[in-house]
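Me: Could you take a close look at one part of this structure for me, the charged pairs and what surrounds them? I'd like to know where each partner sits and how far it is covered.

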Amino acid sequence: MYNRKLKQGESMIEYEPVGGLEKFRKDFRKAVSGTFVSGEKKVTTKNGGERWLKYNFTPVEDEKQQINVISYSLLDITDLKRVEKELSESEDLIISVFNF
């Protein structure tokens, strides 16, 4: 992940790219306060390519309704972003051809 192999026991902060660390911390603090946080970010791969990731910070409460865990998940949505871009370009072409 983020050009590094995941290791058990390491903090997710260790894997966050330098430019994204402040946003990661801000979103984490929101989740600690009880707010579900979701977003998307573009990251650069080891070989210089780009990937889009959707992330979620989900606060998890115990039986006393105290937040005791923040679940952090990532989903690679690069293909979805590519298809959305192609669809938008296609729609723009249709509109220009038919002068809508």
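Reply: Happy to! Let's start with Lys23, which is partly exposed, with a relative accessible area of 44%. This is a predicted model, so please read every value here as computed from it. The side chain of Lys23 meets that of Asp27 in a salt bridge, with 3.1 Å from N to O. Asp27 is covered to another degree: its relative accessible area is 2%, and that makes it buried. Both residues belong to helix α1 (residues 21-32), and because they are 4 residues apart there, about one helical turn separates them. As for the idea behind such pairs, side chains of opposite charge can pair when their charged atoms come close.

The structure holds 6 salt bridges, and two others are worth a visit here. One resembles the pair you have just seen in its spacing: Glu86 and Arg82 both lie in helix α2 (residues 78-98), 4 residues apart, or about one turn of the helix. Their closest N and O atoms are 3.3 Å apart. Glu86 has 41% relative accessibility and so counts as partly exposed. Arg82, at 43%, is partly exposed as well.

The other takes us to the strands. Asp76 and Arg51 join their side chains in a salt bridge of 2.8 Å, N to O. This pair links distant parts of the chain, with Asp76 in strand β3 (residues 67-76) and Arg51 in strand β2 (residues 50-61), 25 residues apart. Asp76 is partly exposed at 39% relative accessible area, and Arg51 is partly exposed at 31%.

Those two strands are themselves partners: β2 and β3 pair in the antiparallel sense over 9 bridges. Within that pairing, Tyr55 has Leu74 of β3 as its bridge partner. The hairpin of β2 and β3 has 5 residues between the strands, and Gln65 takes a positive phi near 60° in it.

On to β1, which runs antiparallel to β2, with 8 bridges joining the two. Here Gly39 stands opposite Tyr55 in β2. The hairpin of β1 and β2 also has 5 residues between its strands, and in this one Gly48 has a positive phi near 90°.

Strand β1 (residues 37-44) also holds a charged residue to look at, Lys41. Lys41 has a relative accessible area of 17%, which is under 20%, so it counts as buried. Its side chain is joined to that of Tyr72 by a polar contact of 3.4 Å.

Tyr72 brings us to the nonpolar side of the picture. Together with Phe24, Ala31, Val37, Tyr55 and Phe57, Tyr72 makes up the largest nonpolar core, which has 6 residues. Two elements, α1 and β2, give two or more residues to this core. Tyr55, met above opposite Gly39, is therefore also a core member, and a core of this kind is built from buried residues.

To finish, come back to Phe24. Leaving aside residues up to four places away in sequence, Phe24 touches Met12, Ile13, Glu16, Phe57 and Tyr72. Among these, Phe57 and Tyr72 are fellow members of the core, and Tyr72 is the residue that makes the polar contact with Lys41.

Notes:
Residues are numbered from 1 along each chain as its sequence is written. This is a predicted model: local features need pLDDT of at least 70, side-chain atom pairs count only at pLDDT 80 or more; totals for chains, interfaces and linings use all residues. Side-chain values use heavy atoms; hydrogens and water are left out. A salt bridge is a side-chain nitrogen of Lys or Arg within 4 Å of a carboxyl oxygen of Asp or Glu. Buried means under 20% relative accessible area, exposed over 50%, partly exposed in between (1.4 Å probe, protein chains only). A polar contact is a pair of N or O atoms within 3.5 Å; within protein, one must be able to donate a hydrogen and the other to accept it, and residues adjacent in sequence count only if both atoms are side-chain atoms. Two strands pair if DSSP finds at least two bridges between them. A nonpolar core is a set of buried Ala, Val, Leu, Ile, Met, Phe, Trp, Tyr and Cys residues joined through side-chain atoms within 4.5 Å. Contact means heavy atoms within 4.5 Å.
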